[in-house]
Amino acid sequence: MSTVKHAARVAKDSTAFRRTARAGFVVLGVIHIIIGAIAITIAAGGSGDADQDGAMEQVRNNPIGGLLLLAIAVGLLALAVWQVASGFLAADPAETKKWGKRLKLFGISGTYLVIAGLALIYAVGGRAESSDASQTLSQVVLSAPGGVALLVVIGLSVIGVGIGFIIGGIMRSFRKLIDVPTGAARAGVMALGVVGYIGKGIAVGVTGVLFVVAAVTQDPERAAGLDAALHSLLTLPFGRLILGAVGVGFALYGVFCIARARLARMS
């Protein structure tokens, strides 16, 4: 473990690596802004895939889309490694809390790695549907002994993550992650964090609900990922208004991520 911790410390002490990891927040923000914009378009009566692969497709349509996708992959890879390094260096008097923090950071890094992989696939001209991945996961889980209960647990866990984002926005707990600026910029950053976290939390929470529905109905196709979750909001009363608001929140979370690239505590 000491060797791993030494490697983690070396990585975190590298100025070049730190800057690359900060760039990861920028590309993460851009992806959220694109997804939010697609959600707003859908709310207005348009079409599109409001998820990570939909965002990658939009980037690839740019004249230098391939290079941009490679930059996205590099930035997110660096950010994932940074989270892993932070996990190994996590310190807390209580061993349970320390490992809880580590698992959270490792989970976040896994998410970044998946999106980085998507970026690489699209950079070389391939395609990948995140909805297919969610449905395949549900199908595999449901086919296992106790699969229904396990898929419910997965869904509830995702819902818990969404609730965590919403509470984080309301309680402004994101302040622990950044050096909050002073003056007029403070109000702007705080507003971005509150609205952005709530918007992302709703989207993530609804995604978890679809996993639970897939478990209860034993229909893996019901767990179709973020795009299906956002589209499902259209079935609610004032659905287009709700989806538009969530899309705005998602995009503002992206702007917050870009601001975090400069403000993040990465010592």
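**Figure 1. Overall dimensions of the predicted chain.** The radius of gyration is taken over C-alpha atoms, and the globule rule is 2.2 Å times the number of residues to the power 0.38. For 267 residues, that rule puts a compact globule near 18 Å; the chain has 19 Å, which agrees. The model shown is a predicted one. Its C-alpha atoms fill a box of roughly 50 × 45 × 40 Å along the principal axes.

**Figure 2. Helices along the chain.** The chain has 10 helices and zero strands. Read from the N terminus, the elements run α-α-α-α-α-α-α-α-α-α. Among contacts with a separation of 6 or more, 74% join residues 24 or more positions apart.

**Figure 3. Surface and charge.** About 13,100 Å² of the chain is exposed. Carbon and sulfur atoms supply 67% of that area. Of the 267 residues, 43% count as buried. The side chains include 23 positive and 13 negative ones. The centres of these two sets lie 16 Å apart.

**Figure 4. The largest nonpolar core.** In soluble globular proteins, nonpolar side chains tend to be buried together. Here the largest nonpolar core holds 54 residues. Ile31, Ile35, Met56, Ile72, Leu76 and Leu230 have the most contacts inside this core. At least two core residues come from each of α2 (15–43), α3 (52–60), α4 (65–88), α5 (95–123), α8 (184–217), α9 (225–232) and α10 (239–263). Helix α2 gives the most, with 11 residues. Another core lies apart from this one and has seven residues. Val141, Leu142, Leu151 and Ala215 are among those seven.

**Figure 5. Surroundings of Leu76.** Leu76 is one of the residues with the most contacts inside the largest core. Leaving aside residues up to four places away in sequence, Leu76 touches Gly24, Val27, Leu28 and Ile31. Tyr112, Ile115 and Ala116 are also touched by Leu76.

**Figure 6. Helix α9 and its cover.** Five residues are picked out here: Gly225, Leu226, Asp227, Ala229 and Leu230 are buried in α9. The cover over the buried residues of α9 includes α2, α3, α6 (130–143), α8 and α10. Leu230 also ranks among the residues with the most contacts inside the largest core.

**Figure 7. Ala245 and Ala39.** Ala245 sits in helix α10. Its relative accessible area is 48%. Exposed means over 50% and buried under 20%, so Ala245 is partly exposed. Ala245 and Ala39 are 206 residues apart along the chain. Their C-alpha atoms are separated by 9.1 Å.

Definitions and conventions: Residues are numbered from 1 along each chain as its sequence is written. This is a predicted model: local features need pLDDT of at least 70, side-chain atom pairs count only at pLDDT 80 or more; totals for chains, interfaces and linings use all residues. Side-chain values use heavy atoms; hydrogens and water are left out. Helices (H or I, at least four residues) and strands (E, at least two) are DSSP runs, numbered from the N terminus. Buried means under 20% relative accessible area, exposed over 50%, partly exposed in between (1.4 Å probe, protein chains only). Contact means heavy atoms within 4.5 Å. Accessible areas come from the Shrake-Rupley method with a 1.4 Å probe; for residues, only the protein chains shown count as cover. Lys and Arg count as positive and Asp and Glu as negative; His and the chain ends are not counted. The place of a charge is taken as NZ of Lys, CZ of Arg, CG of Asp or CD of Glu. A nonpolar core is a set of buried Ala, Val, Leu, Ile, Met, Phe, Trp, Tyr and Cys residues joined through side-chain atoms within 4.5 Å.
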